[in-house]
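I opened this structure to look up a few things for my own notes. The entries follow in the order in which I looked.

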Amino acid sequence: MKALKFVLTLIPFVWTIAMIPFVNTVKPIVLGLPFLAFWLVAGIFVAFVCLSIIYKIDTNNSNG
Amino acid sequence: MSNEFLALGIIFIFVFVTTIVGMLPGMKEKLNLEGWAIGGRGFGRWLSWFILAGEIYTAFAFLGASGWAYARGGPTFYILGYGALAYVVGYYVLPKISPIGKKFGLMTQPDLVQHIYDSKPLGILTAVIGVLFLLPYLQLQLTGLGIIIQTCSYGLITKVPAMLIAFTLVAIFVYLSGLKGVATTAIIKDVVMIIAVVFFGLYLPFHFYGNLGNMFDALDAAKPGFLALPGGTKVLDVSWVMSTLVLTSLGFYMWPHFSANSFSAKSPEVLRHNAVFLPLYQICLLFPMLIGFTALLILPGLSNPDMSFMVMVQKVFPGWALGLVGGAGALACMIPASDLILNTSMIFTRNIYCRGFNPDADHPHQKFVARIIVFIVTATALCLAIFAPNLLVNLLLIGYSGVTQFFPMIVLGLFWKRSTKIASFCGLIVGEILVVYLTLNKLDPVAILGLHLNAGFVALMVNLIIFIVISIFTSNNDDLIAKEKRLNAL
């Protein structure tokens, strides 16, 4: 569980920071947004999903 | 009725109603110091969510984000990135702080630092630095409010009298209601803000271009490369955005008011739950950017990019609509400003005045002093806003670089047993000197090996290395055991 939590904590940082050099383009325009902006907006959802899972793991632990 | 009176009238109604709503909790019950400063540590999920989220939608998000999109292009998108990451950090840090605060009666960030390291001088140093960097952030809110009122009066009222009127109101509001009032009104502010930015952020590009994609296509054709990094700038490139994202996501919760806000939560569980949902709120930051980008093609050559949002609405809509936007924007400046004023005055009173000069002050006396400081802090920020104006984002980044230097001391202090107070002193002082030196000498971003790094990031790395090395050499077993005791609140 600890390793999983660690990975889930790391994913948003990799997505939003480490990937910047690879997503720094205007085209293609996705959902009406320049690609860089689209990627960072997607990062918000990635962070939400990762935190949701971490939260689930944590509450399960404290109940059991 | 003419446009300017309609717009100003609507703003006045917004501010007036909100002020009344905010004062109610303070008038119903007689607040003690704890109730005034941290809401009696009783905030449940919703109030806690709004007090934490309320700090996102400030004058900066509203005016600064559109201004940056207008002037700089691609680098603006960093704003979308840092929020989500900051909450991942917050998920771990805030729930750790809150129970320690409850058990040991802490109310401010310097209280926390003093407690972690059992060092009064370190607490005082943290307090002084915290107050110094809260002031530009507060100034940012005042400047934003000035811009809004100036535009909404169609030039009838100039910036300075506008700021004077509104901030007298804010100071009275904080004086009477404290954090509970701020949290309640943050709800009103957030709802109004979201409606305003989502509506205008979508309406304006659709109105002029049919849809978002067309708008960005047109912008990309007119200014190739503007929407990627480094956009309309020379140095805000990939390395700048990456280093700035590290700085801002680590520094987000180092703002002194967030410690106090986490002390106000009923339980650590409340804070964890909130952290999960806060990232989604960041999406709202996209909409002001859309307005800035639209304005660039429709209204080229604005002298002050931070005005692009307001001028755009002024151009396309009648006075009453501008008044609604202005009202929402005014709240976005006032509510965060209230929170900042409240915290600055608490830190000044508890951690500088009481610890430094009058250690015997009881709670009623502290509350009395804190309320007087409210007016002094407001006046100081007002003077800064009038005599040292600066582009909004610069104010934000200076503040960020400064407060992020607390990160090793506070976060490693909580999670790493070997951290020591000598290391905190050395790391913090070197970090802050670097920030001030680099910023004042216009060396931000710092060019190293062909990279353009955020000055605050460079200072943080140096600070971190010093902190870790000195900690390893100065920690001893007795201290470890004592520190363990102070931190085990549960």
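**Entry 1: Lys189(B) and Asp190(B).** I looked up Asp190(B) and found it buried, with a relative accessible area of 1%. This is a predicted model, and I read every entry with that in mind. The side chain of Asp190(B) meets that of Lys189(B) in a salt bridge, at 3.1 Å from N to O. I then checked Lys189(B), which is buried too, with a relative accessible area of 0%.

**Entry 2: Thr185(B).** I moved to Thr185(B), which sits in helix α8 of chain B, residues 159–209. Its relative accessibility is 0%, so I entered Thr185(B) as buried. Which residues is Thr185(B) in contact with, leaving aside neighbours within four places in sequence? I noted Thr18(B), Val21(B), Gly22(B), Phe173(B) and Ile335(B).

**Entry 3: Gln405(B).** I found Gln405(B) in the loop of chain B between α17 (392–404) and α18 (407–415). Although Gln405(B) is in a loop, I have to enter it as buried, because its relative accessibility is 1%. Not counting residues up to four places away in sequence, I noted what Gln405(B) touches; among them are Leu428(B), Gly431(B), Glu432(B) and Val435(B). The list also includes Gly456(B), Ala459(B), Leu460(B) and Asn463(B).

**Entry 4: salt bridges.** I counted salt bridges over all chains and got six. I looked at one of them within chain A, where the side chains of Lys5(A) and Asp58(A) meet at 2.9 Å, N to O. Lys5(A) belongs to helix α1 and Asp58(A) to helix α3 of chain A, so this pair ties together parts that are 53 residues apart in sequence. Are the two partners buried or partly exposed? I have Asp58(A) as buried, with a relative accessible area of 16%. Lys5(A) counts as partly exposed, at 22% relative accessibility. The cut-off for buried is under 20%, so the two residues get separate labels in my notes.

**Entry 5: salt bridges between the chains.** How many salt bridges are there between chain A and chain B? I count two. In one of them the side chains of Lys27(A) and Asp217(B) meet, at 2.9 Å from N to O. I placed Lys27(A) in the loop between α2 and α3 of chain A and Asp217(B) in helix α9 of chain B, residues 212–222, so the pair joins two chains. Lys27(A) is partly exposed, at 45% relative accessibility. Asp217(B) is also partly exposed, with a relative accessible area of 32%. I followed the links further and found Lys27(A), Asp217(B) and Asp220(B) in a network of salt bridges.

**Entry 6: the contact between chain A and chain B.** I next looked up the contact as a whole. Chain A puts in 32 residues and chain B 39 residues. The two chains bury about 3,000 Å² between them, and 81% of that is on carbon and sulfur atoms. Which residues of chain A lose the most area to chain B? I wrote down Ile44(A), Leu51(A) and Tyr55(A), which together make up 22% of what that side buries.

I also counted the residue pairs in polar contact between chain A and chain B, with both residues at pLDDT 80 or more, and got four. On the chain A side, the elements that give two or more residues are α1 (2–18), α2 (20–23) and α3 (35–63). Of these, α3(A) gives the most, with 15 residues. By class, I have 21 nonpolar, eight polar and three charged residues on the side of chain A that touches chain B.

**Entry 7: cysteines.** How many disulfides are there over all chains? I found zero. I looked into why Cys333(B) has no partner. The closest cysteine sulfur, in Cys152(B), is 11 Å from that of Cys333(B), which is too far for a bond. I also noted Cys333(B) as buried, at 0% relative accessibility. Cys354(B) is another buried cysteine, with a relative accessible area of 6%.

Terms used: Residues numbered from 1 in each chain as written. Chains lettered and ligands numbered in written order. Predicted model: local features only at pLDDT ≥ 70, side-chain atom pairs only at ≥ 80, totals over all residues. Heavy atoms only, no water. Contact = heavy atoms within 4.5 Å. Buried area = accessible area lost by both parts, 1.4 Å probe. Salt bridge = Lys/Arg side-chain N within 4 Å of Asp/Glu carboxyl O. Polar contact = N/O pair within 3.5 Å; in protein donor to acceptor, adjacent residues only side chain to side chain. Helix = DSSP H or I, 4+ residues; strand = E, 2+ residues; numbered from the N terminus. Nonpolar A, V, L, I, M, F, W, Y, C, P; charged D, E, K, R; others polar. Disulfide = S-S within 2.5 Å. Buried < 20%, exposed > 50% of the residue type's maximum accessible area, 1.4 Å probe, protein only.
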